[in-house]
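Q: I'm new to reading protein models, so please pick one small part and take a close look at it with me. After that, I'd like to hear about the inside and the surface too.

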Amino acid sequence: MLNKNIIRVVIVEDDDIIRESFVSLINSSEKYLCIADYDTCEATLKNLTQDSPQIILMDIGLPGISGIEGIRRIKKVYSK
């Protein structure tokens, strides 16, 4: 079972090496856990309800929907 004090993080980055590095760095901490990582904003939006992250670390220069537009869409649906 997941420790309730652990902060759940989702990473959105289209560069595989950078994304994997962030996942590794976050998961090396006792306070944070990367619960999912995506290379597009579209995939993030599709899985957001299921993932239920507390923090989203998003690249702003993504292919397709930009990170800036993605955050706007997320804020409309999940105002918290």
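**A close look at Ser52**

A: Ser52 sits in the loop between α2 and β3 (55–58). Keep in mind that this is a predicted model. What's the phi of Ser52 like? It's positive, about 50°, even though Ser52 isn't a glycine. That's worth a second glance, because most residues other than glycine have a negative phi. Ser52 counts as partly exposed because its relative accessible area is 37%, and that label covers the range between 20% and 50%.

Now for the inside. The largest nonpolar core has ten residues: Val10, Val12, Ala36, Tyr38, Cys41, Leu48, Met58, Leu62, Ile65 and Ile74. Three elements, β1 (7–12), β2 (32–38) and α2 (41–51), each chip in at least two residues of this core. There's another core apart from that one, made of five residues, including Val9, Ile11, Val23 and Cys34. Back to Ile74 for a moment: if you skip its neighbours within four places in sequence, Ile74 is in contact with Leu45, Leu48, Ile56 and Met58.

Finally, the surface. Ile18, Phe22, Leu25 and Leu57 make a nonpolar patch there, of about 330 Å². Which helix gives the most to this patch? Helix α1 (residues 16–27) does, with three residues. Leu25 has its place in helix α1, and Leu25 counts as exposed because its relative accessibility is 57%, with the cut-off for exposed being over 50%.

Definitions and conventions
Residues are numbered from 1 along each chain as its sequence is written. This is a predicted model: local features need pLDDT of at least 70, side-chain atom pairs count only at pLDDT 80 or more; totals for chains, interfaces and linings use all residues. Side-chain values use heavy atoms; hydrogens and water are left out. Patches are made of residues with over 30% relative accessible area and no salt bridge: like charges are joined within 9 Å, nonpolar side chains (Val, Leu, Ile, Met, Phe, Trp, Tyr) within 5 Å. Accessible areas come from the Shrake-Rupley method with a 1.4 Å probe; for residues, only the protein chains shown count as cover. A salt bridge is a side-chain nitrogen of Lys or Arg within 4 Å of a carboxyl oxygen of Asp or Glu. Helices (H or I, at least four residues) and strands (E, at least two) are DSSP runs, numbered from the N terminus. Buried means under 20% relative accessible area, exposed over 50%, partly exposed in between (1.4 Å probe, protein chains only). A nonpolar core is a set of buried Ala, Val, Leu, Ile, Met, Phe, Trp, Tyr and Cys residues joined through side-chain atoms within 4.5 Å. Contact means heavy atoms within 4.5 Å.
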